[in-house]
Amino acid sequence: MSVSNSRCLVACVALLIGLTQAGCAAGILIADAKSQPESLTVAPGGVLIVGSASSPFVYKVRPGSSTAEKFIDASAEGHGTFFFGMLADAGSRILWTCQLTPVPDTTPVRRHTALRAFDLSTGKPKIRWNLPGDNSTCNDFAIGPDKALYISDTANGKIYRLPPGASTADLYPEHRTLMGVDGIAFLDGVLYVNNVVFNKLYRIPVDAAGKPGDPVDIWMDQPVKGPDGMRAANGKLIVAENGSGKISAITVHGDKATVTVLKHGLKTPTGVEPAGDTLWIAERGAGKAVSIPMPK
């Protein structure tokens, strides 16, 4: 998102968005320093959309603006409602989100979660699909070459597939190694997922009939700690390591991969979003979003 020096303002708003573009280094200071942005996405026209893991709101920041606006309000959904995954689908003009609502009086805490779709321009609700089970964690998603939406359920080790135009998803793979599945992305038409609990990266093979097989463990040449949000860009997987405060690029070579650290010293980074020559990062522990130049 391009911001001129004359617009490097500081304003009190409901979310902290740190802008670190070349030629402009400013922060949009906040009223709620605990906004905990968990995931973010960029809509057509450069609109930055950020969900909150500590409030029932989704925010947007228009290009050239110094103000984060409330875009979606889910406060009527129940006490403690918040958001994880965010994904702008420009083709269908939809914002896909993961909405989570704690189940009252449960120990340990259980959550009912829903995949929700909103109009990308107006925020009007379009689709709602509640994930099965008494406890689920809709976490993140990716759009496949088949235009279907693939959804990770961290709590249950499942991936769901929502066909184009459908309002109900089907179970895709379910496997014991997927307990803790989080980030999900397609690279060169191949589905990759990471595991935030066991610090793993997997490829999901698909047979000639389109049926997914057992996850294939990708050996990485250095450890990743708490791999979280993940996107594909420039032939690489870009991943937020929430346990090490790093953003890393993973170059896959068959069943092996090379890890290159792009940024370190962050406070619990949980999401990434490539947008042209910019890489946006959700820095949940600092209550802000920051950007760095997109690596080639």
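## The four-stranded sheet

In this predicted model, strands 7, 8, 9 and 10 form an open sheet in the order 7-8-9-10, and the pairing is antiparallel. Strand 7 (82-89) and strand 10 (125-130) occupy the edges; each has a single partner strand, so one side of each is left without a neighbour in the sheet. From one strand to the next, the twist averages 20°.

At one edge of the sheet, six bridges pair strand 7 with strand 8 (residues 94-102) in the antiparallel sense. Within this pairing, D89 is placed opposite I94 of strand 8.

## The nonpolar cores

The strands of this sheet also contribute to the largest nonpolar core, which has 20 residues. The residues with the most contacts inside that core are W96, L115, W129, F141, L149, I151 and L162. Two or more residues each come from strand 7, strand 8, strand 9 (111-119), strand 10, strand 11, strand 12 (149-153) and strand 13 (158-162). Strand 8 gives the most, with four residues.

What does I151 touch, not counting residues up to four places away in sequence? Its contacts are L115, W129, C138, D140, F141, K158, I159, Y160, L162, A169 and I184. Apart from the largest core lies another one, of 14 residues, which includes L187, Y192, M230 and V259.

## The antiparallel pairings of strand 5

Strand 5 (residues 57-61) is mostly covered, with five of its five residues buried. The covering applies to both faces: F57, Y59 and V61 are buried on one side, and V58 and K60 are buried on the other.

Strand 5 pairs with strand 4 (residues 47-52) through four bridges, and the two run antiparallel. These two strands form a hairpin with four residues between them. Here V58 of strand 5 is the bridge partner of G51. Strand 5 is also joined to strand 6 by four bridges, again in an antiparallel arrangement. In that pairing, K60 has E69 of strand 6 as its bridge partner.

## Salt bridges across the chain

Side chains of opposite charge can pair when their charged atoms come close. Across the whole structure, a search finds nine salt bridges. One of them joins the side chains of E77 and R128, at 3.0 Å from N to O. This pair links distant parts of the chain, 51 residues apart: E77 is in the loop between strand 6 (69-73) and strand 7, while R128 is in strand 10. E77 counts as partly exposed because its relative accessibility is 29%. R128 likewise counts as partly exposed, at 41% relative accessibility.

A salt bridge also forms between the side chains of D140 and R231, with an N to O distance of 3.6 Å. D140 belongs to strand 11 (residues 138-143) and R231 to strand 20 (residues 227-233), so the pair ties together parts that are 91 residues apart in sequence. Both D140 and R231 are buried. D140 is, in addition, among the residues that I151 touches.

In a further salt bridge, the side chains of R203 and D255 meet at 2.8 Å, N to O. R203 lies in strand 17 (residues 200-204), whereas D255 lies in the loop between strand 22 (246-253) and strand 23 (256-263); the pair therefore ties together parts that are 52 residues apart in sequence. Are the partners R203 and D255 buried or partly exposed? R203 counts as buried because its relative accessibility is 18%, under the 20% cut-off. D255 is partly exposed, with a relative accessible area of 39%. Elsewhere, salt bridges that share partners join E77, R116 and R128 into one network.

## An exposed loop residue

R176 is located in the loop between strand 14 (170-174) and strand 15 (181-187). R176 counts as exposed because its relative accessibility is 70%, over the 50% cut-off. Its C-alpha atom is separated by 9.0 Å from that of N156, and the two residues are 20 residues apart along the chain.

Terms used
Residues are numbered from 1 along each chain as its sequence is written. This is a predicted model: local features need pLDDT of at least 70, side-chain atom pairs count only at pLDDT 80 or more; totals for chains, interfaces and linings use all residues. Side-chain values use heavy atoms; hydrogens and water are left out. Buried means under 20% relative accessible area, exposed over 50%, partly exposed in between (1.4 Å probe, protein chains only). Two strands pair if DSSP finds at least two bridges between them. Axes are lines fitted to C-alpha atoms, for helices over the stretch in contact, and angles run from 0 to 180 degrees between N-to-C directions. A salt bridge is a side-chain nitrogen of Lys or Arg within 4 Å of a carboxyl oxygen of Asp or Glu. A nonpolar core is a set of buried Ala, Val, Leu, Ile, Met, Phe, Trp, Tyr and Cys residues joined through side-chain atoms within 4.5 Å. Contact means heavy atoms within 4.5 Å.
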